[in-house]
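Let's take a walk through this protein together. Have the structure open and turn it around as you read.

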Amino acid sequence: MLSIVVPCFNEEESLPYFVKEVEDVGKAISHSIEYIFINDGSKDDTLKSLRELHKKMPDRVRYISFSRNFGKESALYAGLQAARGDLITLMDADLQDPPELLPQMIEQIETSDIDCVGTRRQDRKGEPAIRSFFARLFYKLVNKFGDTEMIDGARDFRLMTRPMVDSILSMTEYNRFSKGIFSWVGFNTEYISYENRERVAGNSSWSFWSLFKYSIGGIVNFSDAPLTLAAFIGSISCIAAIIALIFIVIRALLFGDPTSGWPSLVSIVLFMGGLQLLFLGIIGKYIGKIFLETKKRPIYIIKETEKDLKKRKMIS
């Protein structure tokens, strides 16, 4: 069985197009298909659409509706937990992940000794230049300073075997960054490249600020390089201050103290104070992550599934 996990946030308009295209591609696939849609606190009629899809295909369409928006990472984790197939794929409902690649991905896994077929974009056409710049910068930084390699342009769209999915599910951390987790668990992975696609309908929920916070989370979750950098710069600043102090003392003993004026002193104090606040912020970010982990809160809360819909029918 092939399980298709689809996180949804305000995807009411995209869902009919998505299901139709996957169903057309499914004719060329020998595996039976199950859909697992995760409604991540949508504000539109996404949940209503999922209920209708389940009524049309009760044996193949399942859904999970969260009590609020928990984020895509939580939705992916919930979908993987619910998936029953031997092969599991993650896809977006906006059709930016081409369903027509599925037969090729299945063939690659079944005819070779690999555990995952991932996808990556060949280019970033249609994406704002500033977003592309920061995306490339993120991958350069995380690959240079982190212990886990992440592929530039890699999408969440990938086909995985059951052992790999079970390994991902064994990582129950609250602060999740799936792209890093996919790489961290290992397993043999190959990538397929494709041209960037526009959304088939609706608007993206990812703003520049949300992507920025997401990338910061990825760096913090999979690298302690910011802490190392803070310690390094702090050490250099301390050594420079000691050298400057020695220079000032020697100059005062030999030539007196002709130095006057507070602007330079204020500038130095502000600079050092700014560095200290920056490094405290870095340390605070890590402490905040630890704080959230120690609370042991659930990664998501379910409000409704297709089973609840069946119960309502039985009661009525």
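**Two isoleucines, two settings**

Start at Ile-168 and look at who surrounds it: leaving out residues up to four places away in sequence, Ile-168 touches Tyr-77, Leu-80, Met-160, Arg-176, Ile-181, Phe-182 and Val-185. Keep in mind that what you're looking at is a predicted model. You'll find Ile-168 in helix α6, which covers residues 162-169. One of its contacts is Ile-181; that residue sits 13 residues away along the chain, with 6.9 Å between the two C-alpha atoms.

So is Ile-168 buried or exposed? It has a relative accessible area of 2%, and because buried means under 20%, Ile-168 counts as buried.

Now hop over to another isoleucine, Ile-239. This one belongs to helix α9, running over residues 225-255. Its relative accessibility is 47%, and because the partly exposed class lies between 20% and 50%, Ile-239 is partly exposed. Ile-239 also has company on the surface: together with Phe-232, Ile-236 and Ile-243 it forms a nonpolar patch, and the four residues share about 420 Å² of accessible area.

Time to zoom out. How many helices and strands does the protein have? Count along the chain and you get 11 helices and 8 strands. Of the 316 residues, 45% are buried, and Ile-168 is one of the buried ones. On the outside, the protein exposes about 17,600 Å², with 60% of that supplied by carbon and sulfur atoms.

Finally, think about who meets whom. Among contacts with a separation of 6 or more, 81% are between residues 24 or more positions apart.

Notes:
Residues numbered from 1 in each chain as written. Predicted model: local features only at pLDDT ≥ 70, side-chain atom pairs only at ≥ 80, totals over all residues. Heavy atoms only, no water. Helix = DSSP H or I, 4+ residues; strand = E, 2+ residues; numbered from the N terminus. Buried < 20%, exposed > 50% of the residue type's maximum accessible area, 1.4 Å probe, protein only. Contact = heavy atoms within 4.5 Å. Areas by Shrake-Rupley, 256 points an atom, 1.4 Å probe, with all protein chains shown as cover. Patch = residues over 30% accessible without salt bridge, like charges linked within 9 Å, V, L, I, M, F, W, Y side chains within 5 Å. Salt bridge = Lys/Arg side-chain N within 4 Å of Asp/Glu carboxyl O.
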